[in-house]
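Please look at the sequence and the fold together before reading on. The questions below then go through the structure part by part.

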Amino acid sequence: MNILWDFDGTLFDTYPALVEGFVKLSQRDLDRDEVLRWLKVDSKTAFKHFGIDEDRRAEYKQLDIKYSKDSKPFEHLEEVLAAVENNIIVTHRDRESAENLLNKYGLTKYFKEIVSVEEQGFHRKPHPSSYEFVLEKYDIDLVVGDRELDLLPARQLGIKTIAFQNRNIEADFHLDSYGEFISLVLKNKSL
């Protein structure tokens, strides 16, 4: 089985760092739960909702890197990665910070490739260009993400999907923990 993974909120619990970086960027005392709700849609929408100029995206990325250094992978993730033939990441995160977190927890060995969407010149998700790039190299059986924008390109391309810790988006499977992954997904004969 070959799986395409989102990074933030899917492989690593980076939302606490993303929220703190966003609050710092806003220079206001924003309600962190509200910030999280908007970031779970996507950062572009959160920027617009809170009136933050899109020109500050590079500053936001730097704050994210600073705060996310202590982010951890989700429980049971390594078991899932080890059970899969090929794992590929497609992320809006820069490649260096993704690799730093993977290296910190010894997870780099499980990934064939990391596609950093903007660094490699692709349109931001949900545009399917980065997924199409991956499909030219690998037969992808499944896409795992925590937001609608992670799963939309997969559905457009006819790939099965898993919504991780988000039951509010359309997906073939919904998981709250990777402890369920092997029994609910890998042993599923319809994949």
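Q: In this predicted model, how far apart are the end C-alpha atoms of helix 1 (residues 15–26)?
A: Helices (H or I, at least four residues) and strands (E, at least two) are DSSP runs, numbered from the N terminus. Helix 1 has 12 residues, and at 1.5 Å a residue these should span 16 Å; the expected span is 1.5 Å times one less than the number of residues. The calculated separation agrees with this expectation, because the end C-alpha atoms of helix 1 are apart by 16 Å.

Q: Which residues enter the totals for chains, interfaces and linings?
A: Residues are numbered from 1 along each chain as its sequence is written, and side-chain values use heavy atoms, without hydrogens and water. Because this is a predicted model, local features need pLDDT of at least 70 and side-chain atom pairs count only at pLDDT 80 or more, whereas the totals use all residues.

Q: How many of the 12 residues of helix 1 are buried?
A: A residue is buried at under 20% relative accessible area, exposed at over 50% and partly exposed in between (1.4 Å probe, protein chains only). Among the buried residues of helix 1 are Tyr15, Leu18, Phe22 and Ser26. Helix 1 is largely enclosed by the rest of the structure, because its buried residues number 9.

Q: Which helices are included in what covers the buried residues of helix 1?
A: The residues to be covered include Ala17, Val19, Gly21, Val23 and Leu25. Their cover includes helix 2 (32–41), helix 3 (43–49) and helix 4 (57–68).

Q: Which residue with a positive phi follows helix 1?
A: The phi of this residue is near 55°. The residue that follows helix 1 is Gln27.

Q: Which element gives the largest share of the lining of the largest cavity?
A: The structure holds 1 cavity of 30 Å³ or more, where a cavity is a set of points on a 1 Å grid over the protein atoms alone at which a 1.4 Å probe fits but cannot get out. About 270 Å³ of space lies in the largest cavity, a volume being the space filled by probe spheres set on the points, which are joined across faces, edges and corners. Of the 17 lining residues, the closest to the centre are Asp8, Leu18, Ser43, Tyr60 and His92; a lining residue has an atom within 4 Å of a point. Two elements give two or more residues, helix 1 and helix 4, and the largest share, 5 residues, comes from helix 4.

Q: Which residues does Asp64 touch, not counting those up to four places away in sequence?
A: Asp64 is found in helix 4 and counts as buried because its relative accessibility is 8%. Its C-alpha atom and that of Leu18 are separated by 5.5 Å, although the two residues are 46 residues apart along the chain. With contact meaning heavy atoms within 4.5 Å, Asp64 touches Leu18 and Arg93.

Q: Is Leu101 buried or exposed?
A: Leu101 lies in helix 6 (residues 95–104). Its contacts beyond four places in sequence include Phe7, Phe12, Lys69 and Arg93. Because its relative accessible area is 4%, Leu101 is buried.

Q: How far apart in space are Leu101 and Pro73, C-alpha to C-alpha?
A: In sequence, Leu101 and Pro73 are 28 residues apart. In space, their C-alpha separation is 8.5 Å.

Q: Which residue is the bridge partner of Asn87 in strand 3 (residues 111–116)?
A: Two strands pair if DSSP finds at least two bridges between them. Strand 2 (residues 86–91) runs parallel to strand 3, and 5 bridges join them. Val90 of this pairing stands opposite Val115, while the partner of Asn87 is Phe111.

Q: Which helix makes a right-handed β-α-β unit with strand 2 and strand 3?
A: A crossover is right-handed if, with the strands pointing away from the viewer, the path from the first strand over the helix to the second runs clockwise. Both faces of strand 2 are covered, with Asn86, Ile88 and Val90 buried on one side and Asn87, Ile89 and Thr91 on the other. Strand 3 is largely enclosed too, because 5 of its 6 residues are buried. The helix in this unit is helix 6.

Q: Which residue in strand 5 (residues 160–164) is the bridge partner of Val144?
A: Strand 5 is mostly covered, with 4 of its 5 residues buried. It pairs in the parallel sense with strand 4 (residues 142–145) over 4 bridges, and helix 8 (residues 148–156) joins these two strands in a right-handed β-α-β unit. The partner of Val144 is Ile162.

Methods:
1 Å grid on protein atoms, 1.4 Å probe; cavity = no way out; pocket = protein on both sides within 12 Å on 5 of 7 lines; lining within 4 Å.
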